[in-house]
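Visitor: I have some time with this model today. Could you walk me through its sheet, a pocket and a cavity?

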Amino acid sequence: KQLCFLTFAAKYAKKIMNKIFNNLNYGIIGNCKSSALIYKDSSIDWCCLPQFDSPSVFGKILDNKKGGYFKITCNKSYTVNQFYYNNTCILITNFKNNENEFDLIDFMPRYEIENSSFYSSPEIIRLLRVKKGKPKIRIDYKPSLEYAIGETINYSKKNFIVSIFEDSNTYENLYLYSNIDKENILNSNEFVLEKDSFFMISYNEKISNPDISSCVLAYEKTKVYWLNWCSKTPKFKLYNSEVLRSAMTLKLLTYEKSGAVLAAATTSIPETIGEVRNWDYRFCWIRDASMVIKVITKLGHKKIVKNFINYIIELVPDKKEKLQIMYGINGQKKLTEKTLEHLSGYENSKPVRIGNAAYIQKQNDIYGILIDAIHYQIEKFSAKDFQNEKLWSIVKSMVWVVENNWKMPDKGIWEFRNEDQHFTFSKLLCWVAIDRAIKISNLIQGGKSAKKWEPLRDEIKKDILEKSWNKKKKSFTQSYGNNHLDASVLLMEYYGFIDAKNPKYVSTVKAIEKELLVDGLMYRYKNEDDFGLPSSSFTVCTFWLINSLNKIGEYEKAKKMFDKLLSFSNHLGLFSEDIDFENKRLLGNFPQAYSHLALIDTVLNFNNK
């Protein structure tokens with residue numbers, strides 16, 4: 001009874017909070033080329049075309065007035081409910097009152113065509129299906145191209161509405177096809193929805209004009225694609241629907257053309273309202289992507305893994321070339337950071353940034369995370385010798401880098417922008433790099449190179465155990481010689497550095513829980529960084545603590561904490577990067593790959609009990 005009451009109370013509180021503020025109540029649709037965020041009231045508030053990192057065509061999420069949006073509106077008598085069609089990334093927004101009802105069905109087409117390739121053009125299809133009565137609706141179609149840097153003008157043509165942005169440096173346009181009267185769209189006239197209708201927003205002018213039949217066919221094909229994709233995912237006794245939604249979300253954050261995996265679909269959603277921790281996450285972080293790939297490998301989706309491995313192979317053509325921590329989705333190495341001063345920002349949180357200056361940072365952990373993913377892929381999936389040869393060449397190059405750099409300080413997993421430090425997590429992942437390289441050597445070359453690397457692995461481990469352990473805190477700390485605790489050191493057990501029952505690890509988990517956990521949510525750390533003291537919870541860290549508690553034998557506590565964390569997701573089960581400690585609202589870029597991969601990993605651990 002108590003559990004039922006707590007569950008009801010959490011759901012009621014969630015509804016109340018959602019009325020007070022936005023809470024990132026968005027659904028995501030996409031086709032592995034780009035994506036769009038659709039608010040629970042039907043408004044497309046974020047979309048970049050033709051690909052993820054292009055300038056936005058709808059950007060209301062970053063500026064309520066200028067950003068641009070596309071919304072279906074009705075009078076206040078209608079209730080609006082939003083959900084995904086079961087086991088797909090097709091989003092349905094239902095409108096109904098006593099006499100009338102209709103569905104808005106949103107998706108970006110993706111389906112198989114000949115030769116195992118996929119149709120995934122830069123377009124959004126919106127279907128309106130009348131279910132009852134004669135609903136009256138209004139269309140608010142307000143695209144604002146090129147990050148709304150200037151005026152976008154709409155023109156009515158014979159077969160479409162074209163939206164054009166033009167200045168001395170740029171020309172861009174967008175096409176809208178529909179069987180609804182163009183004047184009703186352009187003037188936002190109220191009209192009766194008497195029949196099923198469609199909209200197709202396309203970056204390209206169509207050779208053949210779409211109609212309701214072709215759009216419905218694209219819907220059916222896209223539905224089949226997602227149903228087939230989900231059928232390849234193993235079923236779990238516990239939290240199966242949460243795993244599926246998270247897996248589909250990770251799939252939506254992959255860029256099929258290159259194999260890159262995005263950290264998130266947005267830029268500049270703040271970690272804290274009114275502060276300046278606003279970053280562009282539409283890039284491929286080697287760390288995040290490698291962790292996503294390892295989790296997806298566990299779910300058996302080989303194509304994503306293969307594409308990412310090819311992405312890495314293409315990135316490292318020169319054996320002497322060091323990895324950057326992040327790259328553009330097409331492998332770009334220069335990601336110059338700029339601010340868009342003309343945009344007010346998400347809930348007036350400036351600046352709005354495009355690009356990310358962190359690409360020049362030195363972070364020694366990326367080598368270990370990538371080699372760990374490569375090891376898992378080689379161990380679990382067969383590959384042709386020539387591919388393993390390329391991977392082995394990359395692994396040897398990265399071992400050389402680690403061997404020559406592991407003793408040096410760096411920026412760490414949290415990308416501190418001030419002075420470099422000897423971060424424990426970075427040292428841990430240097431150990432992982434050598435440990436996994438040894439295991440790869442054993443798998444593909446009979447351990448020939450392993451023997452010469454074993455002393456280095458032992459040296460790094462000894463260094464961590466001696467210099468990171470803090471007797472006063474009874475915990476491994478954020479970096480050598482300080483007293484700060486950090487959630488990232490919880491991953492010592494996850495990577496096999498230390499056993500879950502080791503007294504030092506158990507003590508570390510307890511110390512971090514005591515100091516960094518607040519009302520079921522975790523700080524990354526509590527010490528001051530480049531922008532002051534952190535004030536929001538980093539979602540992935542709460543998943544890490546839950547896993548750690550589970551591993552040290554506190555299963556019931558871990559599961560209770562997990563259920564509570566799930567209640568903080570948005571109305572569709574999606575997570576961003578951060579959660580506000582006080583009101584539990586979602587913050588940070590959305591949806592966040594890191595959060596959803598950690599959710600899946602946590603469920604896998606629960607199901608292995």
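**A tour of the lining**

Visitor: Which class has seven residues in the lining of the second largest pocket?
Guide: Happy to help, and please keep in mind that this is a predicted model. The lining of that pocket has six nonpolar and four polar residues. The class with seven residues is charged.

Visitor: Which helix gives the most to the lining of the second largest pocket?
Guide: The pocket has a volume of about 410 Å³, and 17 residues line it, with Glu 112, Phe 118, Tyr 225, Trp 229 and Lys 232 nearest its centre. Strand E9 (111-112), helix H4 (212-231) and helix H7 (302-315) each supply at least two lining residues. With five residues, the element that gives the most is H4.

Visitor: Let's turn to the sheet. Which strands are at the edges?
Guide: The sheet is open and has eight strands with antiparallel pairing, in the order E6-E7-E8-E11-E17-E15-E14-E13. From one strand to the next the twist averages 20°. An edge strand here pairs on one side only, and the two are E6 (79-84) and E13 (153-156).

Visitor: What angle does the direction of H4 make with that of E11?
Guide: H4 also packs on the sheet, where it touches strand E8 (101-107), strand E11 (123-132) and strand E17 (197-202). Between the directions of H4 and E11 the angle is about 100°.

Visitor: Which residue in E15 does Val 162 stand opposite?
Guide: Strand E14 covers residues 161-166 and strand E15 covers residues 171-178. The two pair in the antiparallel sense over six bridges. Opposite Val 162, in E15, stands Tyr 175.

Visitor: Now for the enclosed spaces. How much space lies in the second largest cavity?
Guide: Searching the whole structure gives seven cavities of 30 Å³ or more. For the second largest cavity, the space is about 140 Å³.

Visitor: Which helix provides the largest share of the lining of the second largest cavity?
Guide: There are 15 lining residues, and the closest to the centre are Leu 491, Tyr 494, Trp 544, Asn 547 and Asp 601. Helix H12 (491-494), helix H14 (539-551) and helix H16 (593-607) each supply at least two residues of this lining. The largest share, five residues, comes from H16.

Visitor: How many nonpolar residues are in the lining of the second largest cavity?
Guide: Let's divide that lining by class. Four of its residues are polar and three are charged. The nonpolar residues number eight.

Methods. Residues are numbered from 1 along each chain as its sequence is written. This is a predicted model: local features need pLDDT of at least 70, side-chain atom pairs count only at pLDDT 80 or more; totals for chains, interfaces and linings use all residues. Side-chain values use heavy atoms; hydrogens and water are left out. On a 1 Å grid over the protein atoms alone, a cavity is a set of points where a 1.4 Å probe fits but cannot get out, and a pocket is an open set with protein on both sides within 12 Å along at least five of seven lines; lining residues have an atom within 4 Å of a point. Grid points are joined across faces, edges and corners, and a volume is the space filled by probe spheres set on the points. Helices (H or I, at least four residues) and strands (E, at least two) are DSSP runs, numbered from the N terminus. Ala, Val, Leu, Ile, Met, Phe, Trp, Tyr, Cys and Pro count as nonpolar, Asp, Glu, Lys and Arg as charged, and the others, Gly among them, as polar. Two strands pair if DSSP finds at least two bridges between them. Axes are lines fitted to C-alpha atoms, for helices over the stretch in contact, and angles run from 0 to 180 degrees between N-to-C directions. Contact means heavy atoms within 4.5 Å.
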